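Here's a walk through one protein model, from the inside out. Have the 3D view open and follow along.

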Amino acid sequence: MRAHQGGEAAEEKPGRRRWRSLRRIDYPRRGRRGVRRWLPSWRQLLLVSGVGTMVLTGLAAWFYTTTEVPEDLNAFATQQNNVYFWADGTEMARIGETNRQEVPLDRVPESVRWAVLSAENETFYSDPGISLTGIGRAVYEMASGGDTQGGSTITQQYVKNTYLNQRQDVSRKLSEVVIAIKLDRRMSKQDILAGYLNTSWFGRGSYGIERAAAAYYGKDVSQLNPSEGAFLAALLKGAGQYDPAISADNRARAEERWSWILDRMVKVGKLSAAERAGYTVFPEPRPQPKGAGLGGQVGYLVDMARTYVEGHTDITPAQFDLGGYQIHTTFEKPKVDALAAAVQEATKGIDPDGREADKLLKVGAASVALDGRIVALYGGPDYRKQGFNNANTSTVPIGSAFTPLVYAAGLSQGVQRERGGSRTPVAPTTTYNGDNGVNVMTPEGPYWGRDGKIVKTANDGKRNWGPMSLRSAVEQSVNGPMMQLAMDIGLDKVQQTAADLGMLPSSMGELVPAFGVGNSTPSAIRAADAYAAFAARGSHTDPYSVLRITRNGAPLPLRLPTAVQTLSAAAAGDVDAALKGAVRGGSARAAAEAGPDLAAKPGTTADRTAGWSVGYNGKLSTAVTVFRADLKDMKLLSLEGVGGAAPDTPDSELPTRIWTSFMKAAG
C-alpha cells in the first residue's frame, strides 16, 4: 500500500506541485473570507517586492554592463564646414552640408558658459551626469503617451547629440542614462561641456556655439557678452521657437527666456546684480545672413584651393569631406573683382546671339605674384553656369607668347649649329634673318616636314624684317628668328627651360619647329608664373593657391613650393629688357597705358585659334587668354571677326585690352 502511495507521489504532476508550494506560503490565505482571502500579508508583500527588486537590480546591472559607449560618433556630430578665407583673412566661402566649427572651451567666455549652464543644468559640475528626477519624469511621460520631456543633464544631451539618435522612447532614454554615467566617469566635465557646446543645434543652419555667434551676431564666440550668451542659451530650448526673426511670438518668447536666464545667472552666483541691471535691452540678433555661395569666381577659387590641399597635404579626400578645415588662400578679393570687371568691360561688345564669330567665346586669366602666389583668376562668367575653369585649361596653344622662353633658353644655353660641335653663346645683339618664308635649318640642312616639304618661317602678315637682333625679334614679335633660334638651341633644351619655368610636361607641344613659336598649351596660371621669373631676376616659384590650413584652429602641415634660381640674373634681365621694350614701342605698346615700367608680350597662333597677352609689373605677372571652343570636345575655332573686329585685327587685341585694364586697376 505504501509502495503504491509512493508511486503516486513520484508521478505527481508539475501543476499539482506548484499548487502545493503556494499552499505552503498560505496563498490564498486560509481562515480568511471574501476579498481578504486574496489580499497578501505584509510578509508576502515583502517577499514579492524583495524578489522584484532583485530582478530589477539584476536587469539594471546587466543593462549597465552590456551598454557600451559607442566608438563611432554620429556623422552630423563630427561633420563641419570647410571654410575658405581670402588672403586678408576674411571669409570667402563655407562649404559643407553642416554649418559647424569646433572651438576649444577656453575660447568661450565664462559668462557665456554659465548662461548655458544656468539655463540647462546648473548642477553640471556636481551631478553624476544624470538627473534622477528628470529621468523619472521623462520616462513616465513617454511611457504614458504624454508630451516628451527633456529631463536631461548637459551630459545626457551631449550623449544624445553625439552618440545616439533623436528618437524619443524608453529604450533610447535608458541607453542615454547609462552612457551618460559612463561618460561622466571617463571624461572631464570641461571636455563634456566643450563637446556639448560644439554639437548643439542653435538654428540658422548652425551647429555649435562658434557658428551660432557668427549667425546671430556676426562675431567670434570669444567676443560675446553675457547678454548675447543668454540669448544663445535660450535657443537651446528650441531655435524654431526662439529665433526672433521667425515671428513676433518667437520674439516674445526669446525676450522672456533671455531675461529669465540672466536672472538665473544672478541666482547661481555667476552674474552680479549690478551687471544684471546693465542688461535691460534685448540683444537684437542681426538679420539672418545669406550664406556665401559658389557663384561668380568663388567656385573656381574654391576648386583650385581644394585641389591644392589634396595634392600638398596628407589629408585624404574622405577626411576633407568630414570638414572642420580652415583654408587660408592666396586670393585677394579686390584683385579678383578687378579682373572680373576688366573682362566684363572688354567683352561688352560680344554678341553670341547676333554674331556667329562671338559664339562659344571663352576668356581665362590669372595673376600671380613674383613669389608664386595666385592672387586672382578669372575662370569663366559664373562657376554655377560653367564649372570648367578657363584659367586652368591646358588645351589652348600659347602661340608667340612662348618666344620669351625660347629667348631665355638661348641666353642661358647658347646654340649648337653643327652636330657634335661646341655651343656658341647667344646675346641680345645676336643677329638672325627676320624675313618671312626662310628655310628652317638643322645642323644637317633644311628641316623637312611630314608633308615632304621644307618647313619655312612664317611672320605675322608675312612681313620681311631683314637681319635683326634677337632682342628686336622679341620686342616686335617676329616669329622667324625665334623659330630658328629654338632649332639652334635644341628643342629638348628649350623644353627643359620651359619646364624649369613651371610649364607642366602634359602641356608641352610636339618637338617640331612649331614648338619654338608656341604649340605648347600651358594654362594662363602657368604662363603668368613663368613670366614672373623674368621679373624676379631668374628666381622661379611654382604657383600655389593656399597659404596655410588649420583644423579647428590647429595648424596642419602644408607643402609649399620654394624658390629656385632657374635662370641667371643676367639672362632674366635681358629677357626683361626685351619685354619692356615691347611695351615701350614694340608689339605690346597697346598695353603701355596700364602704367610705367611694364613688360608684356602678345601671343597669336598661325591658325588663329588663340589670343594671349602675358606680362608683368614689379609685383604681379598676369596672363589673359581668349579662345573659342565647345567645352564638350574642346575643338578650337577661329577667332577671326570676334566682336565685329576687322579681319586683319590681331587675335591678341581683346586679351591685351583685358590685361591693360586689370593691370591699371591692380597698380
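A nonpolar core, as used here, is a set of buried Ala, Val, Leu, Ile, Met, Phe, Trp, Tyr and Cys residues joined through side-chain atoms within 4.5 Å. Keep in mind that this is a predicted model.

**The cores**

With that in hand, start in the middle. The largest nonpolar core holds 115 residues, and the members touching the most others are Leu377, Phe534 and Trp612. Another core lies apart from it, with 42 residues, including Trp114, Ala213, Tyr217 and Ala254.

Phe534 is a handy place to zoom in. Which residues does Phe534 contact, leaving aside its neighbours within four places in sequence? Pro404, Leu405 and Ala408 are among them, as are Leu501 and Leu567. The list also takes in Ala572, Val575, Asp576, Leu579 and Tyr616.

**Where H22 crosses H23**

Phe534 also turns up in a helix-helix contact, as a residue of H22. H22 covers residues 524–535 and H23 covers residues 569–585; their axes come within 7 Å and cross at roughly 105°. Angles of 65 to 115 degrees count as roughly perpendicular, so that is the label for H22 relative to H23. On the H22 side, the contact is made by Tyr531, Ala533 and Phe534, while H23 brings Ala572, Val575, Asp576 and Leu579. Sorted by class, that gives 6 nonpolar residues, no polar ones and 1 charged one.

**Two covered helices**

H18 (residues 403–413) is mostly covered, with 9 of its 11 residues buried. The buried residues are Thr403, Pro404, Leu405, Val406, Tyr407, Ala408, Ala409, Gly410 and Leu411. What do they pack against? Their partners are the helices H19 (470–476), H20 (479–489), H21 (491–500), H22 and H23, along with strand S17 (599–604). Right after H18 comes Gly414, which has a positive phi, near 70°.

H20 is one of those partners of H18, and here 11 of 11 residues are buried. The buried residues of H20 include Met482, Met483 and Met487, and also Asn479, Gln484 and Asp488. They pack against H18, H19 and H21, plus the strands S9 (431–433), S10 (441–442) and S12 (467–469). Just after H20, Gly490 takes a positive phi of about 110°.

**A buried tyrosine**

Now move to strand S8 (residues 374–378), where you'll find Tyr378. Is Tyr378 buried or exposed? Its relative accessible area is 7%, so Tyr378 is buried. Tyr378 and Leu339 are 39 residues apart in sequence, yet their C-alpha atoms are 6.6 Å apart in space. Not counting residues up to four places away in sequence, Tyr378 touches Gln297, Leu339, Ala340, Val343, Val363, Gly364, Ala365, Asn389 and Ala391.

**Salt bridges**

Side chains of opposite charge can pair when their charged atoms come close. How many salt bridges does the model have? The count comes to 31. Here are some of them, with the N to O distance for each pair.

| Basic residue | Acidic residue | Closest N to O |
|---|---|---|
| Arg276 | Asp263 | 2.9 Å |
| Arg559 | Asp314 | 3.3 Å |
| Lys359 | Glu356 | 3.1 Å |

Take the pair of Arg276 and Asp263. Arg276 sits in helix H14 (residues 273–277) and Asp263 in helix H13 (residues 248–267), 13 residues apart. Arg276 counts as buried because its relative accessibility is 14%, under the 20% limit. Asp263, at 40%, counts as partly exposed.

The pair of Asp314 and Arg559 reaches across the sequence. Asp314 lies in the loop between helix H15 (298–312) and helix H16 (317–322), and Arg559 in the loop between strand S15 (554–556) and strand S16 (564–565), so this bridge ties together parts that are 245 residues apart in sequence. Asp314 is exposed, with a relative accessible area of 67%, whereas Arg559 counts as partly exposed at 43%.

As for Lys359 and Glu356, Lys359 is partly exposed at 34% relative accessibility, and Glu356 is exposed, with a relative accessible area of 55%. Elsewhere, Glu332, Lys335, Asp371 and Arg373 are joined into one network by salt bridges that share partners.

Methods. Residues numbered from 1 in each chain as written. Predicted model: local features only at pLDDT ≥ 70, side-chain atom pairs only at ≥ 80, totals over all residues. Heavy atoms only, no water. Buried < 20%, exposed > 50% of the residue type's maximum accessible area, 1.4 Å probe, protein only. Contact = heavy atoms within 4.5 Å. Axes fitted to C-alpha atoms, helices over the stretch in contact; angles between N-to-C directions. Helix = DSSP H or I, 4+ residues; strand = E, 2+ residues; numbered from the N terminus. Parallel < 35°, antiparallel > 145°, perpendicular 65-115°, else oblique. Nonpolar A, V, L, I, M, F, W, Y, C, P; charged D, E, K, R; others polar. Salt bridge = Lys/Arg side-chain N within 4 Å of Asp/Glu carboxyl O.
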